[in-house]
Amino acid sequence: MERIGLIAGNGRLPFLFARAARKKGLEVVAVAHRGETDPALASEVDRLTWVRVGQVDRIQKAFRDAGVKQAAMAGGIGRVRALAEARPDLGAVRIISRLRSFRDDALLRAVASDFESRGVTIIAPTDFLGEVLCPEGHLAGPRLHPAQQKDVALGREVAVLLGQADVGQTVVVHNGHVLALEAVEGTDEAIRRGGRLGGNSGAVVVKRCKPQQDLRFDLPAVGPRTLEVMQEVGARVLALEVGRTVLLDAPALFKGAEAAGITIVGVP
């Protein structure tokens, strides 16, 4: 049986990828990160190896021993955890020593290049999951009113600038004011901070790719958990980039948005 590698982070995307690959008749050889990946992934894959963040050589050995020639990175690694708990091995040192920039995109491209130099091509998880990408238009909840449309436009503009600086993917806006930009804390905490600053009264959350994004890794992703965080702080709109944002469990996401009165829209 042909094999595919999975470098698994947190969230539901590793599960979606594993299921899609197995439906195509592939054996899934997964490497999971301690403290990030849900242990339940073990039941969705054919082989599973646990590593610490930064153990590049250990991941490559797992793939080499299994004869893996292609692999996908699916799921995130919390930046705070990566900074505090990384256990870099000689493989990580090898990659870092070649870097001129430590920004996310440069680091991930360097990781992919190192894997490819050792016989493992890194592919986009969406090569198997095109159906989970955000479509265009009104997707759930009430229709946008004019003030919200203006906030979405502002959020998109700021998100592009944020992405160009390779900082984050999420912007929180309300009544023409930018309340929060995502940095190392991640999307959920950015939403919480922005919602609180907006007085829990209807913030707009905009999430989109960085302009220079390599679609093989770190695509924006949202799911029912995102709605829960928005409800905590009274955020009312979730605007997502078409074709470049992953919808985790879209039916539950849309159903939850309708029940909560939260608008979801796909925008270019």
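**Note on the predicted model**

1. According to the UniProt record, an unreviewed entry, residues 135-265 carry the annotation "domain: LpxI C-terminal". The coordinates discussed here belong to a predicted model, and in that model the C-alpha atoms at the two ends of residues 135-265 are 9 Å apart, while the span is 38% helix and 23% strand.

2. A helix pair deserves a comment of its own. Two packed helices are described by the angle between their axes and by the distance between those axes. For helix α8 (residues 224-232) and helix α9 (residues 250-260), the angle is about 20° and the axes lie 8 Å apart. Because angles under 35 degrees count as roughly parallel, α8 and α9 are described as roughly parallel to each other, and the crossing in which α8 passes α9 is right-handed.

3. As for the residues that form this packing, α8 contributes Pro-224, Leu-227 and Gln-231 to the contact, and α9 contributes Ala-252, Leu-253, Gly-256, Ala-257 and Ala-260.

4. A further point concerns Glu-27, which is found in strand β2, a strand that covers residues 27-33. Is Glu-27 buried or exposed? Its relative accessibility is 13%, and because buried means under 20%, Glu-27 counts as buried.

5. The side chain of Glu-27 has polar partners that should be read together with that burial. One polar contact, at 3.3 Å, is made with the side chain of Arg-3, and a polar contact of 3.3 Å also joins the side chains of Glu-27 and Arg-47.

Terms used
Residues numbered from 1 in each chain as written. Predicted model: local features only at pLDDT ≥ 70, side-chain atom pairs only at ≥ 80, totals over all residues. Heavy atoms only, no water. Helix = DSSP H or I, 4+ residues; strand = E, 2+ residues; numbered from the N terminus. Buried < 20%, exposed > 50% of the residue type's maximum accessible area, 1.4 Å probe, protein only. Polar contact = N/O pair within 3.5 Å; in protein donor to acceptor, adjacent residues only side chain to side chain. UniProt positions renumbered as here; feature names shortened; annotations may be inferred. Axes fitted to C-alpha atoms, helices over the stretch in contact; angles between N-to-C directions. Parallel < 35°, antiparallel > 145°, perpendicular 65-115°, else oblique. Left-handed = near helix turned anticlockwise from the far one by under 90°. Contact = heavy atoms within 4.5 Å.
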